[in-house]
Amino acid sequence: MIAGVPGVARAYERFVVYRRIRLSQFTPIEIANWLAIYLATGLCCLIALALSVTVALHDSVRERVWSQVRDMRSALLFVPKLWWRWQKLYLLSTPVTLGIVLYFAASLRWI
């Protein structure tokens, strides 16, 4: 089907050769290491997300921040305050996440 269209077969062959060259620059060990690093980063971010949501909700319950919500305007202003509370906690985990992932990446064998 591809060979019937003029020029498409040649473009497809070039794409296959290009893809083979691009993928051959990494060894199987490097591909496995990069996959492990991405997986570790995702896991650290997931843990940071869960902890920051938990702490933000705990602080909100402890301080009873919803008691200030009396009308629609205050309810609309409550949502960004709660979001900012969570965002600060999540962003504070960035140095810890970077440290864990960099230490993990340094422990991998790349050769």
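## Helices and the overall fold

A helix here is a DSSP run of H or I at least four residues long, numbered from the N terminus. By that reading, A50 sits in helix α2. The model is a predicted one, so keep that in mind as we walk through it.

The chain has four helices and zero strands, and going along the sequence you get the pattern α-α-α-α. Of the contacts between residues at least 6 apart in sequence, 71% link residues at least 24 apart. A50 gives a C-alpha distance across such a gap: Y90 is 40 residues away along the chain, yet the two C-alpha atoms are separated by 9.2 Å. As for its surroundings, A50 counts as partly exposed, since its relative accessibility is 43%.

## Surface and burial

Now for the accessible surface. Buried residues account for 15% of the 111 residues in the chain. The exposed area comes to about 9400 Å², and 72% of it is supplied by carbon and sulfur atoms.

## The nonpolar core

The largest nonpolar core has five residues: I37, C44, V101, A105 and L108. Two elements give two or more residues to this core, namely α2 (28–63) and α4 (94–107). In general, nonpolar side chains in soluble globular proteins tend to be buried together.

C44 is a handy place to look at this core up close. Setting aside neighbours within four places in sequence, C44 is in contact with T97, I100 and V101. One of these, V101, is a fellow member of the core.

## One face of α4

What does α4 look like in terms of length? With 14 residues, α4 reaches 20 Å from its first C-alpha to its last, close to the 20 Å expected at 1.5 Å a residue.

Which residues of α4 are buried? They are T97, V101 and A105. Seen down the axis of α4, the buried residues fall within an arc of 60°, so they line one face of the helix. The spacing fits a general rule: an α-helix has 3.6 residues a turn, so residues three or four places apart point the same way. Over on the other side of α4, you'll find P95, V96, L102, Y103 and A106 exposed. As for the buried residues of α4, what covers them includes α2.

## Two cysteines, no bond

C44 and C45 raise an obvious question: why is there no bond between the sulfur of C45 and the closest cysteine sulfur, in C44? The two sulfurs are 7.0 Å apart, which is too far for a bond, because a disulfide needs a pair of cysteine sulfur atoms within 2.5 Å. So the count of disulfides comes to zero by this rule. From the other side, C44 is in no disulfide, and C45 holds its nearest cysteine sulfur.

Buried or partly exposed: which label goes with C44 and which with C45? C44 counts as buried because its relative accessibility is 15%, under the 20% cut-off. C45 counts as partly exposed because its value is 28%.

## A buried serine in α3

Finally, there's S74, which lies in helix α3 (residues 72–92). S74 is buried, as its relative accessible area is 18%, and the cut-off for that label is under 20%. Leaving out neighbours within four places in sequence, S74 is in contact with Q68 and V69.

Methods. Residues numbered from 1 in each chain as written. Predicted model: local features only at pLDDT ≥ 70, side-chain atom pairs only at ≥ 80, totals over all residues. Heavy atoms only, no water. Buried < 20%, exposed > 50% of the residue type's maximum accessible area, 1.4 Å probe, protein only. Contact = heavy atoms within 4.5 Å. Core = buried A, V, L, I, M, F, W, Y, C linked by side-chain atoms within 4.5 Å. Areas by Shrake-Rupley, 256 points an atom, 1.4 Å probe, with all protein chains shown as cover. Expected span 1.5 Å × (residues − 1). Arc of directions from axis to C-beta.
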